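User: I've got a model loaded and I'd like to talk through its packing. Can we go through it step by step?

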Amino acid sequence: MSVLSVKDLSKSYGKHKVLDNVSLEIRPGELVALVGPNGSGKTTFLNCIANVINIDSGTVEILGKPHTDVSIFHKYSYMIDNTVLYGYLTGLDHLKFVCETRKLSKDAVRKAVETIGIKNFITKKVKEYSLGMKQQLLLAMAILNEPDFLVLDEPFNGLDPTTIIKVRKLLMELREQGTTVFLSSHNLAEVDQMTSHIVFVKDGKFIVEDISKYQEDVYFFKVKNPDSTIGHLQAMGQLTVYRENGEIAVKTEGVGLNPVLERIQQMDEIESMRKEIVGAEKRYVSLYGET
Amino acid sequence: MIIGGGKRVQFQAGTYQDSIFTEEKNSGTEKIRLTQPVRRINILLAKLGASLVYIFAFLIATALVSYLLAGLLGGGFGSIHYPVEIDIGYISTIGPVGKYVALAGLLYCLYLLVIISCITLLAAIVKETSIVAVLGIFLITIGSRWQANASHFNPFSFLNFQHFFTSSSQCITEIWIAFGIALGISSLLTLLAHYVSTTTWGQNLSLSPKEKEGNKELTKYEKKRALPLPYFRFEVLKIMKRKTVVVPFILLLVFTMLYGFEQYSQYERFRDSELAIYRTQAESYWDSINRLQRGVAEGIFKPEMVEETLADNTDTYNMYLYAIEAFERRDTAKIAEGQKSIFKYETSNWGNFYPPDTISVYCATQDEIIKRQVQTVHTKSPPLGGLISSPFAMESDLKHIKSWHIRNSQPSITYIFNSLFKNGLAIIALAIFAVSLSVGFSDETHDTRTICLLNTQPLHRKRIYFGKLLAQSAVFISMILIIAAVFCAGLGIAGSPLEKNFPAVQYLNQVDGNYSGVKLWRANLREFEGKAFSASSSGYFVGFTFRDMLVENIEMVALLILSGLVMVAFAMFASQKIRHKIGVSLGTVLIFGMGYLASRYALRGAGIIFPFIWLNQPLVATGEASMIFDVNILNSLVGIAILALWLAALVFVGYKMFSKTGRYL
Ligand SMILES: Nc1ncnc2c1ncn2[C@@H]1O[C@H](COP(=O)(O)OP(=O)(O)O)[C@@H](O)[C@H]1O
Ligand SMILES: [Mg+2]
């Protein structure tokens, strides 16, 4: 069973089509990032699946139930941006409210507050919070019910580097405890270290990629007969092999460089060879261009 | 004509201007401005200027439209040299209308200038549009209580042009002094506002006062018992934490209490002044009796010549003496008897000037007071006090009475509570609560998207809608009831008796064959004064009866609460289309205000099916409305039923809409 199942979802604002027939499956235990530049439709997508805004077409299921069923929120949390906070209430007021409407035991509040480390300002009014403080409060509210599915919209916005590391660690821990995490970010560098999958949003479409293939040493070979060589390398199993701009890119995936070199030299002639540590950054640039 | 719309304009002016000042603090545009190389005082002055221009443009437009309409529909444009006569008990001519309008306009502008600077200062301190709006309305309302004391030191009295002009023949000099003083006051206020908004001390004014320790609060929370209805309680919490609701509530509470105590304490004063008037009268009749008797003794008058006058004077003297003795012995039955005879005597002297229907109702009320053994009503200027609450009084008399600030006074809680409604304080309270409470969903959508927080909790749409509606309604009802309870308890502690059986006049639009009371001419209603009256509707009588004033009070409270709830429900409905908080609350108040005017003056009898005419609780509860609109069934109970129906309908339609399209953004 998938935690999130979106089929053919479309959403437009007037004539502006923000999401164009997108589909997405997220399985239990995954940590998926939704990445795209500002205005690409990340928030819109997250709002759609949370049923905070109406969708034009498509179906959304969360934890096996249609997203219109509000009872999913007992085990699903959506951390929206800080415009959902009441400036004239304190952080504690918000936490109490979430705790009570979700029918949690009262010590959940303390637990969340201590986990995020916001005890020293929860009695202040939210309008006196900085952006980072608001983000941390929102996060505390989101993890209060120990959700099975946690969705976060730009959780690192406005946080200082220490807090970013803290939050990242927290999300990894949650994932280890079995929470499925889906977060959005316009800044790939913040998320590419922790996610299993990245969903790129481009022109209203999704490009779902297994990020692991970008995160290793990749060897680029220029050879005489790339087509046949790719076939031979793929036949070795284990390796990830693909073509990029006329070169053969090889991720050794633990096999080591030497067997690969040997194999190519048996079959073909190496014109050039280089090594690159490819992060998701490059993929991002290749999708959206330099900015 | 041109100046007539004063009150309404102030109301609007106040609120437009507030948002010019406070809007930016919410949206952060002020920060943008502050990063520009502009000095703060310049920003403040620019805003002040902007609001002045805005208001004056509005005023001039209104004046022009009124002038054009009056000219086209009325009797032509006339000349600006036409002399203006004003009526302040006597008729006084104060010169050409052009001069009058110019001076009145200047005074009005000065008044506005002072009000605007007050609001500027308020905005600098309070920093929230709706609170400033409410406080502004308060300021204007309370300030209008000082209108009567025309003085160039009192800018509030500038509105009272007529009084101002006649208070001195040196009109022009007075106005120059007023001009200087108004300018001085407003620049002082503006400087103070500048000081508040630039000093750290001033900027810290709006921060929350005490900081609580997180750990302690958490422990406190954990120890508390779990309560039901979390969402409803959250909504109530939100309302109570909004200064927009709590500040006006406290102000209203204080204001009503002060009013109550003033009413109670003035009873003795009114009683004393009434007694003093009777003594003066008695003395003058005693003098005249003595003069006549001396004249007879000295042979100036022949006895048979003065016999009749002497007898008359003696009767009148005895009548006053009877009342004076009753006053001194505090014998309420005899006081009421004495008041009645004096009233009858004095009004018969005035001839046809005094409406006979009013006299009948007054006398019957005195009898009822005697029968029910309650305390008498006193006024500073008998017998005029008998006029002011009568729908049969002539408009011209009431105008005099208004300018003399005549009020009736009776010491019981029931009567003073009743006067809250009859003096229009209840409707002011309703307007203030409507501004602060009937915001519907706009507090979740205006400048924020907190509605999304609600939508991402396991809360059904039904719970969100009804939780909010019930919370707003519960807060409104509690506030009204708390004010009523504190008011009554306060008066009770001060020594005011309850007297729940005080007679309340209940007018009957139709009297049947068995009716044994006094019959009144419907055509004599002041509503119909000077109007051609169709023979068929003037052809029959109306009557009146009495009931306990407590019942009338309860009815009026019920009407007030239901009207408020209808407004709250209306705002819930409207806020799904309008997201602006002020748009929703002021829109609601304006619609109900306009609706009332339409029901009262245009729809009349047909207005009964709308939820507006019931805003004037005394008009409905006393049966006056049933007489002037000629609708027999028009009474409080029907009002309660109709308001309940509207409430149900608005809630239903609002909920239908919310459950269908309620997703925001
Ligand atoms: N309420 C709205 N009305 C009209 N357009 C909107 C609205 N909200 C978002 N958009 C548009 O939809 C696009 C996607 O916005 P959003 O989902 O907020 O992007 P992101 O979160 O990726 O920065 C943007 O072009 C934005 O202008
Ligand atoms: Mg976004």
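Here are a few questions and answers on cores, contacts and domains.

User: Is B:Leu643 buried or exposed?
Analyst: Keep in mind that this is a predicted model. B:Leu643 sits in helix α26 of chain B, residues 636-661. Buried means under 20% relative accessible area. The relative accessibility of B:Leu643 is 0%, so this residue counts as buried.

User: How far apart in space are B:Leu643 and B:Trp614, C-alpha to C-alpha?
Analyst: B:Trp614 is among the residues in contact with B:Leu643, along with B:Leu559, B:Leu562 and B:Pro611, once neighbours within four places in sequence are set aside. In sequence, B:Leu643 and B:Trp614 are 29 residues apart. In space, their C-alpha separation is 8.1 Å.

User: Which helix gives the largest share of the largest nonpolar core?
Analyst: That core has 181 residues, and A:Leu4, A:Phe45, A:Tyr76, A:Leu171 and A:Phe182 have the most contacts inside it. The largest share is 14 residues, and it comes from chain B, residues 549-574: helix α22.

User: How many residues are in the second, separate core?
Analyst: Its members include B:Ile119, B:Val132, B:Leu135 and B:Ala178. The count for this second core is 33 residues.

User: How far apart are the C-alpha centres of domain 1 and domain 2 of chain A?
Analyst: The domain assignment puts domain 1 of chain A at 4-212 and domain 2 at 216-288. Between the C-alpha centres of these two domains, the distance is 37 Å.

Notes. Residues are numbered from 1 along each chain as its sequence is written. Chains are lettered from A and ligands numbered from 1 in the order in which they are written. This is a predicted model: local features need pLDDT of at least 70, side-chain atom pairs count only at pLDDT 80 or more; totals for chains, interfaces and linings use all residues. Side-chain values use heavy atoms; hydrogens and water are left out. Helices (H or I, at least four residues) and strands (E, at least two) are DSSP runs, numbered from the N terminus. Buried means under 20% relative accessible area, exposed over 50%, partly exposed in between (1.4 Å probe, protein chains only). Contact means heavy atoms within 4.5 Å. A nonpolar core is a set of buried Ala, Val, Leu, Ile, Met, Phe, Trp, Tyr and Cys residues joined through side-chain atoms within 4.5 Å. Domain bounds come from an automatic or database domain assignment.
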